[in-house]
Amino acid sequence: MSSLLGNIFKGWSDYTKGNEEGGHHDYEHMYAMVIDLDMCTGCNACSTACYAENNLATVGEEYFGARQAMHWMRIERYFDEPNVGEAEADTQSRGASFLPMMCQHCNAAPCEPVCPVAATYHTPDGLNAQIYNRCIGSRYCANNCPFRVRYFNFYDHQETAWPAPMEQQLNPDISVRSKGVMEKCTFCIQRTRAARNTAKNEGRAIRDGEIQTACQQTCPTSAILFGDLLDETSAVHQAWKRHQVQLGKYAQNKTNPELRGYRIFEELNVDTKVLYLERVREV
Amino acid sequence: MSDRKHLTREQTKDIDENIAWASINTDVLRSMENPRRGYWVAMAVSVCLFSVMIYAEVYQYMYGMGAALLNTSHMWDLYISTFVFWIGMSHSGTLLSAILHLVHADWRKPIYRFAEAMTTFSLMTAGIFPVIHLGRVWNFYWVMPYMTDRGIWPNFRSPLIWDAFAITTYLTSSVLFLYIGMIPDLAICRDNAKGWRKPLYTWLSLGWRGDDRQWRNFRFTYLMIACFLIPLAVSVHSIVSMDFAMSIMPGWHVTTFPPYFVAGALYSGCAAIITLFILLRYFFKFEHYMTFPILDKVCKLTFVIAMVWTYLNLVEFASVWYGHDIPSKEVLIAKATGPYSPFFWGMMTFGSVLPFSLLSKWVRRNMYVLFFASIFLNVGMWLERWMIVTPTLSLGYHPQAFNVMWPGWTEWAMVGGSFGWFGMLFLIFVKVFPCVSMYEVKEMVFHRKRTIYEDVDEMMTLHSGVPGPKAQAQTQTSGGA
Amino acid sequence: MAGSSKKIVAKTRRVLGLFGDFDQAFEVIAGIRRYQVPGLTVDDVTLKSPIEHPEIEDVLGERPTDIPKFAFWGGLFGLVFGFLFLAGAQANFLVQPQGGKPVITIPSNVVLAYEMMILFGVLSTLAGFIIGGRLMRKSSGLYDTAITVDQIGIVIEVTDKQYQPLTELFKKHNVIEMHEEALS
């Protein structure tokens with residue numbers, strides 16, 4: 001009983017302290033990403049790497065057509081409005097603009113408060129985590145995600161996606177999800193955990209660049225950067241600073257409007273942690 | 001007999017005050033016996049529909065949610081819209097029994113019992129949907145706040161948890177309200193029951209003997225629970241609306257949703273009362289109790305609530321239209337012109353235009369027309385819920401995820417099965433429990449014929465040809481004893 | 001009751017009289033108020049009726065009920081307990097790091113505590129009803145099914161001496177039927 005009341009007051013004082021200090025004070029890391037769209041060629045290597053790394057099931061043509069696929073990292077194609085008399089929208093001479101889209105790991109994630117069983121929550125790493133074992137599949141999180149990057153296991157795919165002996169290629173560091181569970185990009189949390197353990201064993205801090213996400217590792221043009229925003233020497237932190245994008249704001253105050261950095265749906269105030277660098281195109 | 005008049009469309013009194021108390025008992029008790037063929041047909045249809053639902057649920061349990069044709073953008077669709085629909089239906093009983101009880105509206109007395117039963121059963125139906133729509137339905141109890149050695153709790157910030165609390169509370173309270181209001185009637189059943197019914201009613205009537213002490217406590221209990229139920233009913237449907245309003249999606253994140261949902265709930269509930277009113281009146285020959293003047297009042301109430309609903313609807317549209325929230329506005333335009341537009345306009349027609357027919361006395365007195373009108377009012381309300389859930393999901397914020405989906409077979413099976421389940425419960429109810437409140441109809445009759453002057457009594461006898469209340473009390477006593 | 005030193009007069013039997021309408025029953029009660037049966041007061045009368053007469057309190061006098069208290073304390077308990085339970089659960093949900101966000105969320109807890117207030121209020125009212133209405137307990141055998149139809153019953157415990165005047169009072173006001181049982 002005393003611990004119950006004690007924890008109430010401790011929770012309260014933690015909250016007021018966080019409020020006074022601007023909130024979000026007990027993060028150990030703040031993993032974030034930078035994606036340079038100017039370097040993205042739309043080759044889908046990141047998506048493929050994600051499938052391999054994270055045990056994503058290939059659902060087959062029928063379910064893909066029904067939009068029941070689960071590609072944590074997807075390359076979205078956007079086309080300019082075709083001019084009258086020009087080629088079809090899909091075969092424009094200028095080609096598409098590509099947008100690699102994955103979970104944005106919002107700091108004010110709309111998916112988190114709505115989960116009835118707290119299966120999705122914010123880790124001290126600043127990541128938006130999904131606990132598969134706890135998920136009961138109410139799918140509220142996916143409905144509340146403005147990016148639509150949460151994927152639901154509409155079926156069990158183990159048998160069809162990895163027929164024997166294909167199951168041998170599954171990544172042992174991460175579970176294979178069964179039907180009825182929500183899943184999404186984790187920023188390759190298994191790699192983060194491995195790097196953390198190595199660093200701990202060697203008695204040092206995690207070095208910048210030590211953790212590579214699968215998409216980052218595979219990207220042929222190195223369009224993706226991943227690292228700790230709280231580490232001021234990290235490349236990600238430098239890039240965010242260079243492009244004058246700050247966390248916790250829904251409108252950035254840039255001294256140089258030419259800077260390419262932007263976050264998607266910043267105006268929704270969900271505080272995403274993926275910084276996109278705009279593609280440069282001739283007008 | 002002169003009291004044939006009240007069966008006709010010219011009747012102006014809510015109830016004929018010359019009904020003998022003993023005949024109230026016999027009429028209502030008769031309705032609980034000997035189910036006829038129509039009853040078994042209705043029961044068979046309900047059971048069939050419900051079996052389809054069970055089949056669909058077993059399929060979903062075995063193979064996953066995919067057959068519902070839900071997709072990455074459309075995660076809820078008919079499951080949640082039908083859930084909201086049934087929650088809405090459940091609000092009528094509370095309105096009729098609690099609010100009208102507090103304002104001493106006498107005319108609720110013959111019809112509130114089945115309305116309350118409807119409340120309870122639609123809640124039981126509604127409660128199925130949040131469970132069956134879960135991806136891992138076998139873990140549904142994880143939303144309950146119970147202690148575990150792992151120290152894991154549900155997330156109390158989630159509107160779905162609020163739903164779970166609100167629905168549990170509402171179901172408990174409305175079952176108790178229905179039950180407590182029925183105790184004096186269960187005592188009547190006990191006194192007349194034979195066979196398996198005898199121990200059932202004896203147990204359920206809790207030893208009710210009609211003591212003045214029991215009546216006094218009963219009156220206060222009923223009043224207190226009515227007072228609890230009114231804010232509860234409002235809170236339940238506003239919490240259901242918060243499933244949407246607390247999200248950030250365009251078309252859902254609307255401030256007026258709570259009152260809008262409450263109005264819609266009362267609306268569909270009233271329409272369902274009209275439907276069941278007509279069915280019960282027709283099949284159980286309750287012409288003496290479920291009279292045209294009462295039906296008239298329910299229709300007028302429905303019309304007023306329909307107008308409140310229409311108003312709130314238009315307010316919502318206007319605030320989106322004149323606001324500067326582009327995604328919301330796109331959702332609104334897509335509702336009216338997009339692939340779902342036939343259903344949107346169907347909802348507007350059935351929900352906002354059709355209720356004007358209730359202004360016509362001819363419609364209100366024509367049971368066939370009124371029956372179908374009330375059915376279509378509820379079709380409109382079901383479409384409303386669908387049009388809240390699905391167009392928003394088909395658009396949302398992210399253009400890549402824009403898509404149109406149509407419900408799969410499991411969804412339709414669940415929707416149809418929910419009506420079967422509701423019908424099943426209701427059919428069992430009308431044969432096991434009195435669906436007209438006997439003691440309150442007696443009160444109603446008593447209030448209306450009570451005179452404290454002997455000479456008035458004589459004059460009444462002289463003019464109507466029917467023995468006056470006092471004289472009649474004399475005769476009905478000898479009949480009842 | 002026999003041997004009870006508190007009672008000056010030992011009651012020996014319980015009488016139930018059935019009447020055709022409220023007026024006759026009320027006349028009997030008025031008779032008792034006029035002391036037509038020596039030693040009996042209106043507080044000894046139990047009225048059994050198919051409905052509750054709207055002016056019952058004018059006839060029988062005010063008799064207290066505890067239901068509102070049950071409702072109030074039940075509701076208050078639900079509100080306080082609900083809030084503390086939720087706050088305690090959230091504060092002890094240590095497995096889940098909140099990343100600096102509020103642990104105890106007041107707005108959601110207010111909503112939930114409100115529901116708990118109503119739930120416990122209703123349950124407590126029901127308990128009050130069962131206790132106050134003396135339901136769910138063995139009651140005296142004096143009962144007639146006509147009471148749930150249309151007759152009004154008056155139950156009184158009387159001594160041998162009072163029995164005769166009471167029967168006369170009953171008969172004067174057209175009693176339809178009389179039942180009696182001996183008290184042990």
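Visitor: Why are helix H6 and helix H16 of chain B called roughly perpendicular to each other?

Guide: In this predicted model, the axes of H6 (residues 159-192) and H16 (residues 438-449) of chain B cross at roughly 100 degrees, coming within 7 Å. Angles of 65 to 115 degrees count as roughly perpendicular, and H6(B) and H16(B) are therefore given that description.

Visitor: Which residues meet where H6(B) and H16(B) are in contact?

Guide: From H6(B) come B:Gly181, B:Pro184, B:Asp185, B:Ile188 and B:Cys189, and they meet B:Met438, B:Tyr439 and B:Lys442 of H16(B). The residues of this contact divide into five nonpolar, one polar and two charged.

Visitor: What makes the pair C:Glu52 and B:Arg219 a salt bridge?

Guide: The criterion is a side-chain nitrogen of Lys or Arg within 4 Å of a carboxyl oxygen of Asp or Glu. The side chains of C:Glu52 and B:Arg219 meet with an N to O distance of 2.7 Å, so the pair satisfies that cut-off. Between chain C and chain B the count is four salt bridges, and there are 19 residue pairs in polar contact, with both residues at pLDDT 80 or more.

Visitor: Which elements of chain C supply the side that touches chain B?

Guide: Helix H1 (22-33), strand E2 (46-48), helix H2 (56-60), helix H3 (67-91) and helix H4 (106-132) of chain C each supply at least two residues, and the largest share, 17 residues, comes from H4(C). By residue class, the side of chain C that touches chain B divides into 35 nonpolar, 22 polar and ten charged.

Visitor: How much area is buried between chain C and chain B, and how many residues does the contact take from each?

Guide: The buried area is about 5,800 Å², with carbon and sulfur atoms giving 64% of that area, while the contact takes 67 residues from chain C and 61 residues from chain B.

Visitor: What is the peptide bond that joins A:Ala164 and A:Pro165, cis or trans?

Guide: Omega is about 5 degrees, and the bond is cis, whereas most peptide bonds are trans. A:Pro165 lies in the loop between helix H6 (158-161) and strand E7 (182-183) of chain A.

Visitor: What sign does phi have at B:Asp77, positive or negative?

Guide: Phi of B:Asp77 is near 55 degrees, which is a positive value in a residue other than glycine. Most residues other than glycine have a negative phi. B:Asp77 lies in the loop between helix H2 (37-63) and helix H3 (78-89) of chain B.

Terms used:
Residues are numbered from 1 along each chain as its sequence is written. Chains are lettered from A and ligands numbered from 1 in the order in which they are written. This is a predicted model: local features need pLDDT of at least 70, side-chain atom pairs count only at pLDDT 80 or more; totals for chains, interfaces and linings use all residues. Side-chain values use heavy atoms; hydrogens and water are left out. Axes are lines fitted to C-alpha atoms, for helices over the stretch in contact, and angles run from 0 to 180 degrees between N-to-C directions. Helices (H or I, at least four residues) and strands (E, at least two) are DSSP runs, numbered from the N terminus. Angles under 35 degrees count as roughly parallel, over 145 as roughly antiparallel, 65 to 115 as roughly perpendicular and the rest as oblique. Contact means heavy atoms within 4.5 Å. Ala, Val, Leu, Ile, Met, Phe, Trp, Tyr, Cys and Pro count as nonpolar, Asp, Glu, Lys and Arg as charged, and the others, Gly among them, as polar. Buried area is the accessible area (1.4 Å probe) that two parts lose on being put together, summed over both. A polar contact is a pair of N or O atoms within 3.5 Å; within protein, one must be able to donate a hydrogen and the other to accept it, and residues adjacent in sequence count only if both atoms are side-chain atoms.
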